[in-house]
Amino acid sequence: WEFNGSFYQPSAFLMMGIPGLEALHHWISIPFCALYLIALLGNCMILFIIKTTQSLHEPMYYFLSMLAVTDLGLVLCTLPTTLGIFWFDMRRIGFDACLTQMYFIHILSFIESSVLLAMAFDRFIAISRPLRHPSILTKTTVMKIGLVIILRGMVSLLPIPFLLKRLTYCRKTELSHSFCFHPDIMNLACADIKVNVFYGMIILLSTVGMDFIFIVLSYILIIKTVIGLATKEECLKALNTCVSHICAVLVFFVPMIGLSMIHRFGKNVPPLVNTLVAYTYLIIPPALNPIIYSIKSSHIREALLRALRRQTE
C-alpha cells in the first residue's frame, strides 16, 4: 500500500474467477478457450473476406469491419487476465494496469454501441432511400463516422481513470470479475464516490443509452417504410437485410443493460449471476457476431465458400 497522510491507494487488485467454482477453473477454461478462439478466428475471417472481396466494399460491410475490429479489441483486452486466472491462478493486477484495462474495455464497448447505431442508420438509408444510398454514405463519409465514433469514446471516458485515482481505497482489494470494470473498482473506495457515480451515469445514458434509443427509432422508421412497400415479397426482402443487425444489437445490449443494472441496483444478486452476466456481455457478442453475419448474409457466406474452394483446389 502507498501511504500519504490519510490517502490510501492499493498497489494492486485481486481479480475473481467464477465464485464457488474455483476448483473447476481448469475445466471451465475449455469453453472459454473455445469462445475466444471462435471470436478471434471469426472476426479475422470477416475482415479478410471484406478486404479481399471487391463486391463487399460498400458502407454496410465497412461498418461490419469496424464491428469486427472492435470485437477483436474486446477479446484481446479480457483474454490475458481471464485465462491467466483459469490456468495459472494469476489473480493479481497492478493498480495502473487495472485502470488501463478498464479504460480500453469501456472505450471498446462504447465504440461497439456507436457502430451498431451507424449500421442501423445505414439500413434505414438503404431501405428508405435506396437510390441515394451510395451518394449519402460515401467511403469518405463512412471514414468520418468511424473517426467520430472513436474520438467520442476516447474523450467521454478520459476522466474516468483520473476520477478513480483521486479516491482513497479501503483494505479490501478483491474485484468481482476477471477483468477491471469501473463500478467494480469504484465500490472498493472508502471516499465519497458521488462524482464517479454521477459522471458514469451521465456518460452511459448520453452515449450507449442514446445509441439504443436512436437504434429503436431507426427501426420504427424502417418498419414504417417497409409497410408502405408494394408487395409482401419486397417487404420480407427488405426486413431480411436487417435480421443480422437486430441479432447483433440484442446480443450486445441485453447483457450490457443487465450488467449495468446489477452493478447499480443489484446489491443482493448472487455473485455467480453477476459474474455470468459480465462474461456474457464481454465474450459472447464477439464470438456470435461473425457467426450471425456468416449465416444471415448471403454475400459473406458466398465469399467465404469461394475462399474455401480456392484453398482446397
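**Exercise 1. What share of residues 24–50 is helix, what share is strand, and how far apart are the end C-alpha atoms?**

Solution. Over residues 24–50 the chain is 96% helix and 0% strand, with 40 Å between the end C-alpha atoms; helices here are DSSP runs of H or I with at least four residues, strands are runs of E with at least two, and both are numbered from the N terminus. The model is a predicted one, in which local features need pLDDT of at least 70 and side-chain atom pairs count only at pLDDT 80 or more, while totals for chains, interfaces and linings use all residues. Residues are numbered from 1 along each chain as its sequence is written, and side-chain values use heavy atoms, with hydrogens and water left out.

The next step is to consult the record. UniProt, in an unreviewed entry, places the feature "transmembrane region" at several stretches, among them 24–50 and 243–264; its positions are given in the numbering used here, feature names are shortened, and annotations may be inferred rather than shown by experiment. For residues 243–264 the model gives 100% helix and 0% strand, the end C-alpha atoms being 32 Å apart.

**Exercise 2. Compare the span of helix α3 with the expected span, and state where Ser-114 lies and whether it is buried or exposed.**

Solution. Helix α3 covers residues 95–128, which is 34 residues, and reaches 50 Å from its first C-alpha to its last, close to the 50 Å expected at 1.5 Å a residue, where the expected span is 1.5 Å times one less than the number of residues. Of the 34 residues of α3, 26 are buried, so the helix is largely enclosed by the rest of the structure. Here buried means under 20% relative accessible area, exposed over 50%, and partly exposed in between, with a 1.4 Å probe and protein chains only.

Ser-114 lies in α3 and is buried, with a relative accessible area of 5%. Leaving aside neighbours within four places in sequence, Ser-114 is in contact (heavy atoms within 4.5 Å) with Ile-149, Arg-152 and Asp-211.

**Exercise 3. At what angle does helix α2 pack against helix α11, and at what angle does α2 cross helix α5?**

Solution. Begin with α2 (residues 59–88) and α11 (residues 271–296), which pack at an angle of about 135 degrees with their axes 9 Å apart. That makes α2 oblique to α11, since angles under 35 degrees count as roughly parallel, over 145 as roughly antiparallel, 65 to 115 as roughly perpendicular and the rest as oblique. The residues of α2 that meet α11 include Leu-64, Asp-71 and Phe-86, and those of α11 that meet α2 include Tyr-279, Pro-285 and Tyr-293.

Turn next to α5 (residues 139–157), whose axis comes within 10 Å of that of α2, the two crossing at roughly 25 degrees. That makes α2 roughly parallel to α5. In this pairing, Pro-59, Tyr-62, Phe-63 and Met-66 in α2 meet Lys-139, Val-142, Ile-145 and Gly-146 in α5.

**Exercise 4. Place His-182 and Arg-301 in their helices, and describe the surroundings of each residue.**

Solution. His-182 is in helix α7, residues 182–186, and at 6% relative accessibility counts as buried. Beyond its neighbours within four places in sequence, His-182 is in contact with Met-102, His-106, Ile-160, Leu-164, Asn-196 and Gly-200.

Arg-301 is found in helix α12, residues 298–312, and at 35% relative accessibility counts as partly exposed. Not counting residues up to four places away in sequence, Arg-301 touches Ser-294, Ile-295 and Lys-296. Although Arg-301 and Ile-49 are 252 residues apart in sequence, they are 9.6 Å apart in space, C-alpha to C-alpha.

Note on methods
Axes are lines fitted to C-alpha atoms, for helices over the stretch in contact, and angles run from 0 to 180 degrees between N-to-C directions.
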